[in-house]
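Open the model in your viewer and keep the selection panel at hand. The tour goes from one loop residue out to the whole chain.

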Amino acid sequence: MRVKLGKKPLVYPQPVLIIASYDQAGDADAMNAAWGGVSDFDEITISLSKNHKTVQNILEKKEFSVSIATKKYVAECDYFGIVSGHQVKNKIASAKLTALKCPDIDAPYILELPLTIECRLESYDSEKEILKAKIVDTLIDESILTDGKIDPDKLEAISFDSDNSSYLLVKGKVADAFKVGRTLIK
């Protein structure tokens, strides 16, 4: 039997995105965002409140990076979501992580997070608080590759469980996509 829970954003897994930008003074900032994902082959869409310092930076600079949060740095990634950049200058350094300049855009990336997407602002709807960005390039640390492809078990991406206010580990292959369903074709 199904139970009705009402309107809840219960999508599993929900990626934990770490968004990094430079402010007007050139200081690196980062925030944690869970309401976003890929919306086209070369586009990311994220729901972001206009009150965030990082969003204000993005609107000014028009470029930012998006990294995938990992199990190894779950405390630091959570910190980016609970501490405001308006109160703490350079949260990346405060979390004892390393901010480096992206090669193709004017934004930082976090060295310790092994998968980063360089983004250029496409649009921001301040009423709906929806940001759309074009993907410029993707930076991958070789440590998470197997045979030239991302190995999810090495990446150890985490997911946000909004119903239980927790982070979950995304791990383990269950089947081959576009193949397992063929077993049902007659």
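**Stop 1: a loop residue**

Select Thr70, which sits in the loop joining S5 to helix H2 (74-82). This is a predicted model. Is Thr70 buried or exposed? Its relative accessibility is 3%, under the 20% cut-off, so Thr70 counts as buried.

Now show what surrounds it. Leaving aside residues up to four places away in sequence, Thr70 touches Cys77, Leu113 and Pro114. Thr70 also touches a run further along: Leu155, Glu156, Ala157 and Ile158.

**Stop 2: the hairpin of S12 and S13**

Follow Ile158, one of the Thr70 contacts, into the next selection. Strand S12 covers residues 158-161, and strand S13 covers residues 166-169. In which sense do S12 and S13 pair? They run antiparallel, with four bridges between them.

Pick Phe160 and look across: Tyr167 in S13 stands opposite. Then move to the turn. Four residues lie between the two strands, and Ser165 in this hairpin has a positive phi near 45 degrees.

**Stop 3: helix H1**

Select residues 53-61, helix H1. Which residues of H1 are buried? Colour Lys53, Thr54, Val55, Asn57 and Ile58: these are the ones.

Next, show their cover. It includes strands S1 (17-22) and S2 (28-33). Strand S5 (63-68) is also part of the cover. So are strands S8 (115-125) and S9 (130-140).

Step just past the end of H1 to Lys62. Its phi is positive, about 70 degrees.

**Stop 4: the whole chain**

Zoom out and switch to cartoon. How many helices and strands does the chain have? The count is four helices and 13 strands. The radius of gyration is 17 Å, close to the 16 Å that the globule rule gives for 186 residues, so the chain is as compact as a globular protein of that length.

Turn the C-alpha trace along its principal axes: it spans about 60 × 45 × 30 Å. Of the 186 residues, 37% count as buried. Look at contacts between residues at least 6 apart in sequence: 58% of them join residues at least 24 apart.

Finish with the surface. The accessible area is about 11200 Å², and carbon and sulfur atoms hold 54% of it. Colour by charge to see 25 positive and 28 negative side chains. The centres of these two sets lie 6 Å apart.

Note on methods. Residues are numbered from 1 along each chain as its sequence is written. This is a predicted model: local features need pLDDT of at least 70, side-chain atom pairs count only at pLDDT 80 or more; totals for chains, interfaces and linings use all residues. Side-chain values use heavy atoms; hydrogens and water are left out. Two strands pair if DSSP finds at least two bridges between them. The radius of gyration is taken over C-alpha atoms; the globule rule is 2.2 Å times the number of residues to the power 0.38. Buried means under 20% relative accessible area, exposed over 50%, partly exposed in between (1.4 Å probe, protein chains only). Contact means heavy atoms within 4.5 Å. Accessible areas come from the Shrake-Rupley method with a 1.4 Å probe; for residues, only the protein chains shown count as cover. Lys and Arg count as positive and Asp and Glu as negative; His and the chain ends are not counted. The place of a charge is taken as NZ of Lys, CZ of Arg, CG of Asp or CD of Glu.
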